[in-house]
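Visitor: I'm new to this structure. Could you pick a single part and take me through it closely?

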Amino acid sequence: MKRPKAWPVASCFNPAVRTYGGDNINLCFLLSFREHTRGALISPAFEYFLLAVAAIPFIYYLLAIYSSILFFRRSPRATAVSNRRFTPPVSNLKPVRGLDPEAYENFASFCRQDYPDFELLFCVHDREDPAVPVLEKLVQDFPRCKIRILYGSGRMAINDKVAKLVRLSHEALHEVLVINDSDVRVKPDYFRTVVAPLQNPKVGGVTCLYTSVHDATITQSLQSVGMISDFFPGVMVAWLLDGVKFAFGQTIVTTKMLLAGFGGFEALESRPADDLLTGRLIAEQGVEVKMLPYAVETVADYSSFRGLLIKRLRWMTVMRHMRPWGHAGLIFTHGLAWSLLAIALHPTWTVAAIYLGGYVALRLAMSVLVGVRGLHEKNLAAKLPLFVLWDATALFIWLTSFGRRSIRWRGVDYLVRAGMLAPLRQLAPEKIALKLETKERP
């Protein structure tokens, strides 16, 4: 097959271009030399092979679109309405460390639940934690809610969050547990919606999606676009191909019995990605973990681009250590990089139209499908152009993760080794709460 001329070389034979004088002749010589050198180094057969490989992300994008369409067909609220009589008592467990932005409104949303019987359990490090005044105000403002504040985990654990969950799960009064992070905000139908699937005895765990409450900065908009166009489409593909063997920290619903089935949170005290592992260990007991097409809201816990990079790099580094082959396979999801490589190999208008045009069209289709139909994202049109910047950022984070062995969470650095956490520096004794205290409503 005769190869079409590349743009630069073709321009050398354009009379309109030759009028610029001798410099153009030198440029043409260099471009021609480059063309012949490339032909010597890369055979036509190998070049077309690379072009075929560069199209693999398009297959992934099509699969993500198909799986997203299937996933968002379902209505979680319809299930909750049909199971309206299924309202077992619920214990909501929330480990807290420090004060998140808009913390009061996040916590208060759980007090406004349209649910007959539930308790809210918070666990903080000690009475000096900055979140304590907010929690005490919560107790005063919602006198009809059953609220308990626990001080200290009572455990010598590397993962402080999981240590708190150990105590919270033991202190919980009810069998059904709803667990979520401190930055989560929910609607009044939240408990009814996420607990309803447990009526089916084959279901042992529930998780759901999450979206941003509001994006005040370009960095926060960039994070939202990354979730909508990149992270959640990948989750949909995992759901379609392998089922749900994970959970998100924004919502984990399960029972005390199933927690005990894998040794409780004690088994995760030195592990990263405790939320993902909780979902996996529940599924391994022969029950189904449901992921609902229902989204809670979160408030961004970072204020700068650097903070976003640290957050995303932490997650990617953990995934590299937990799922090394799956992490390496992400190379075939970076469509922007492959499209640019294809154009560099074969710089013609046809290749550019096929690869860059296909990349933009499919990425936009994925983003609109997940963002509008799935998450009902507001003002998505204004954020959509950021997906190209996000893809470049995501590629940088993915490449950087291969050289990382440590992560930073809540100001503490940890070493990730053989799927376990180890502190990079010894924690001071006062940083580990051994004394158990509880503050309950009189």
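Guide: Let's look at one helix, then at a strand pair and the core for context. Keep in mind that this is a predicted model.

Our part is helix H9, which covers residues 160–171. From first C-alpha to last, its 12 residues reach 17 Å, close to the 16 Å expected at 1.5 Å a residue. Just ahead of the helix, Asn159 caps its N-terminal end. One of the side-chain oxygens of Asn159 sits 3.2 Å from the backbone nitrogen of Lys161.

H9 is mostly covered, with 10 of its 12 residues buried. Among them are Val162, Ala163, Leu165, Val166 and Leu168, but also Asp160, Lys161, Lys164 and Arg167.

Strand S10 (residues 412–417) is another covered stretch: five of its six residues are buried, so the rest of the structure largely encloses it. Strand S11 (residues 420–423) runs antiparallel to S10, and four bridges join the two. One pairing to look for is Leu415 with its bridge partner Ala422. The strands make a hairpin with two residues between them, and in that turn Ala418 has a positive phi of about 55°.

Now for the nonpolar interior. The largest core has 91 residues, and Tyr190, Leu209, Phe232 and Met291 touch the most other members. Helix H11 (residues 218–242) gives this core its largest share, seven residues. A second, separate core has 29 residues, including Phe58 and Leu369. Going back to Tyr190, its contacts farther off in sequence include Phe110, Val178, Gln250 and Tyr294.

Technical notes:
Residues numbered from 1 in each chain as written. Predicted model: local features only at pLDDT ≥ 70, side-chain atom pairs only at ≥ 80, totals over all residues. Heavy atoms only, no water. Buried < 20%, exposed > 50% of the residue type's maximum accessible area, 1.4 Å probe, protein only. Pairing = 2+ DSSP bridges. Core = buried A, V, L, I, M, F, W, Y, C linked by side-chain atoms within 4.5 Å. Contact = heavy atoms within 4.5 Å. Expected span 1.5 Å × (residues − 1). Polar contact = N/O pair within 3.5 Å; in protein donor to acceptor, adjacent residues only side chain to side chain. Lists of a residue's contacts leave out its neighbours within four places in sequence.
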